[in-house]
Amino acid sequence: MNSRTLITILCVVGGIILLTFVSGSFYTVNPSEQVIITEFGNPVGKPVTDPGLHFKKPFVQTVNYLPKNILPWDGPRNEMPTRDKLYISVNTFPPWRITDPLEYFRRLRDERSALSRIEDIIGSETRSAVAKHDLIEIIRTDKDRKPLKDETLQEMTEDVSTNIGVLPPIRRGRHAIEADIRNDARAKLAELGIELLDVRFKRVNYNATVAEKIYERMVSERQQIASKFRSEGQ
């Protein structure tokens, strides 16, 4: 092997090493991302939140990307009892985001662990809030809501001495209960570097026994109206 060939090989090897060094020294951050730099698994320095090209120590430091935007979480359906001992299944929808990436990375590491903790905390607070209120408080939102009535049955229902077409009164309503869940869960998630933006009941389903009682009440109301019609006809 002559000297020219040896020099060519050394230049090629040196170029590869230099290219590897340079490519391992820079990384990019998108506007929707934030970065935690770690050395041997331990975070170093402050979180990188500015988008653009950044420098790190090659081979020693690792780039860990975290989302900066608002993240959705569609909670599973959980069955729980109300204060009046009626079982319902509730789906919650709490949007969230990472506001303290360093604490988030230390406590949770990744989004999978974060979703698991959110599910535990939101589920616990939801069960606690539902257990403190009657079913009517969970499904009603407005205290002043007036039920729609069929004009042909208006006079008939007014003559019947029952609560047909009358909504039971409520003290707080669903929106206030959702706010309680949000406020209680927000403090616990803040310790993990997470900001809970809101909590909403996506869906409230009746348990089979609860649905049967509701249907029985509907049938009873219609039977009373029909009975009034028949008595007048006779």
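Okay, so the protein we've got up here has 7 helices and 10 strands. Keep in mind that this is a predicted model.

Quick overview before I zoom in. There are 234 residues, and 32% of them count as buried. The accessible surface comes to about 14,900 Å², with 53% of that belonging to carbon and sulfur atoms. And on contacts: if you take pairs at least 6 apart in sequence, 73% of those contacts join residues at least 24 apart.

Now, the bit I wanted to show you is helix α3, residues 111–131. How far apart should its ends be? Well, at 1.5 Å a residue, 21 residues should span 30 Å, and the end C-alpha atoms are indeed 30 Å apart, so the two agree.

Next, which residues of α3 are buried? That list is A114, I118, I121, I122, G123, E125, T126, A129 and V130. While you look at that, remember the general rule: an α-helix has 3.6 residues a turn, so residues three or four places apart point the same way.

Let me finish with one residue from that helix, E119. Buried or exposed, or something in between? E119 has a relative accessible area of 35%, and because buried means under 20% and exposed means over 50%, E119 lands in the partly exposed class.

So what does E119 touch, once we set aside its neighbours within four places in sequence? It's in contact with W73 and P76. There's also T92 to look at: T92 and E119 are 27 residues apart in sequence, and their C-alpha atoms are 9.6 Å apart in space.

Key: Residues numbered from 1 in each chain as written. Predicted model: local features only at pLDDT ≥ 70, side-chain atom pairs only at ≥ 80, totals over all residues. Heavy atoms only, no water. Helix = DSSP H or I, 4+ residues; strand = E, 2+ residues; numbered from the N terminus. Expected span 1.5 Å × (residues − 1). Buried < 20%, exposed > 50% of the residue type's maximum accessible area, 1.4 Å probe, protein only. Contact = heavy atoms within 4.5 Å. Areas by Shrake-Rupley, 256 points an atom, 1.4 Å probe, with all protein chains shown as cover.
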